[in-house]
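Hi,

Here is the structure I said I would pass on. Have a look at it first, and then read on for what I found.

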Amino acid sequence: MSTAKFRRCHDVTKAWEGGWSDHPADPGGKTMYGVTEAVYHAWLRQHGKPVRLVRQITIAEAEQIYFEQYWVPSGGPTLGTGVDLAIYDASVNCGVSRGRKWLLASIGGPDHETVKRICAIRLSFMRSLNIWNTFGRGWARRVADIEAKGVAWALTAANDNSDRVKQQLGGEADKARSQARKQTGAAAGAGGGGAISLDQGAQLGDWLLVGIASVAFAALAFLIIRAVINTHRATAYAREAANA
């Protein structure tokens, strides 16, 4: 089970999945290490083991479930470096069938571009969900982190020039930052107010991610949320550039 590719990707994903969770808005219900109680019970029965509370799951059991039910079915072992992370994390978070669908819709060109397309489609799907208002803030950060890491891994695998990789990642950070500024400025215009700084726009966007009460603010909310998403992307890319 312990392949290097799985371990590298899973170490990133498990940090986002965390430990115990039983959020009332989460359709998955009780979850430990990102494994829902329903998935755990089904896995225990499949392996002829007595059913017990998911809170009692061991890390070894959780990792076996991830390997058997997400890593292998998502195609992780055969995917290019960086693309494997993007698809594996998407499959864990949104389902294997969606992950595979997004992969097929994104394939083409360099792997780092495939990673970006996968993450864009994934984020678009997440924003369509009713629970985006509750979980959108964390999802935006997670997808930004996966995108930046996946792109960094893909660029590094395709290029042994670390300075060039650092430059490309820095360029992605600058591009995302520029987009965020434009969207924040457009939001200020749409709102009929004065200039809004990027930090102010990010703060307002984080608030809007938690909940939007009026349809009248839909256009404004869209611009600000996009600004926040790109701010998170810029931060994630800058972090990867610093580590390249």
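The sheet is an open one with three strands in the order β1-β2-β3, and the pairing is antiparallel. β1 (20–21) and β3 (35–36) are the edge strands; each has a single partner strand, so one side of each has no neighbour in the sheet. Between β1 and β2 (residues 31–32), which run antiparallel, there are two bridges. If you want a spot to zoom in on, Ser21 stands opposite Thr31 in β2.

Before you go further, keep in mind that this is a predicted model. Beyond those three strands, the protein has 10 helices. Along the sequence the pattern reads α-β-β-β-α-α-α-α-α-α-α-α-α. There are 244 residues, and 45% of them count as buried. Taking contacts between residues at least 6 apart in sequence, 61% join residues at least 24 apart. The exposed surface comes to about 11900 Å², with carbon and sulfur atoms supplying 55% of it.

Now the inside. In soluble globular proteins, nonpolar side chains tend to be buried together. Here the largest nonpolar core has 53 residues, and the members that touch the most others are Tyr40, Tyr88, Trp132 and Leu169. Which helix gives the most to this core? That is α7 (residues 132–158), with 12 residues. Tyr88 is worth clicking on: leaving aside residues up to four places away in sequence, Tyr88 touches Phe6, Cys9, His10, Thr13, Tyr66, Tyr70, Trp71 and Ser74.

Some of those names come back when you look at the rings. Phe6, Phe67, Trp71 and Tyr88 form one aromatic cluster, and the structure holds nine aromatic pairs. In one of them, Phe6 and Phe67, the ring centres are 5.2 Å apart and the planes stand at 90 degrees; since an angle over 60 counts as edge-to-face, that is what this pair is. The two rings come from distant parts of the chain, with Phe6 in helix α1 (residues 4–17) and Phe67 in helix α3 (residues 59–74), 61 residues apart. Buried or exposed? Phe6 is buried, at 0% relative accessibility, and Phe67 counts as buried too, at 17%.

Tyr40 and Trp43 make another pair, with centres 6.5 Å apart and planes at 15 degrees, so this one is stacked. Both residues lie in helix α2 (residues 37–46), three residues apart, or about one turn of the helix. Tyr40 is buried, with a relative accessible area of 0%, and Trp43 counts as buried at 0% as well.

One last stop, at the other end of the numbering: Glu240, which sits in helix α10 (residues 218–243). Its relative accessibility is 10%; the limit for buried is under 20%, so Glu240 counts as buried. What does the side chain of Glu240 make a polar contact with? The partner is the side chain of Lys149, at 3.3 Å. Not counting residues up to four places away in sequence, Glu240 touches Asp145, Ala148, Lys149, Ala152 and Leu169. You will recognise Leu169 from the list of core residues that touch the most other members.

Over to you, and happy browsing!

Technical notes:
Residues are numbered from 1 along each chain as its sequence is written. This is a predicted model: local features need pLDDT of at least 70, side-chain atom pairs count only at pLDDT 80 or more; totals for chains, interfaces and linings use all residues. Side-chain values use heavy atoms; hydrogens and water are left out. Helices (H or I, at least four residues) and strands (E, at least two) are DSSP runs, numbered from the N terminus. Buried means under 20% relative accessible area, exposed over 50%, partly exposed in between (1.4 Å probe, protein chains only). A polar contact is a pair of N or O atoms within 3.5 Å; within protein, one must be able to donate a hydrogen and the other to accept it, and residues adjacent in sequence count only if both atoms are side-chain atoms. Contact means heavy atoms within 4.5 Å. Two strands pair if DSSP finds at least two bridges between them. Accessible areas come from the Shrake-Rupley method with a 1.4 Å probe; for residues, only the protein chains shown count as cover. A nonpolar core is a set of buried Ala, Val, Leu, Ile, Met, Phe, Trp, Tyr and Cys residues joined through side-chain atoms within 4.5 Å. Rings of Phe, Tyr and Trp (its six-membered ring) pair if their centres lie within 6.5 Å; planes under 30 degrees apart count as stacked, over 60 as edge-to-face and the rest as tilted.
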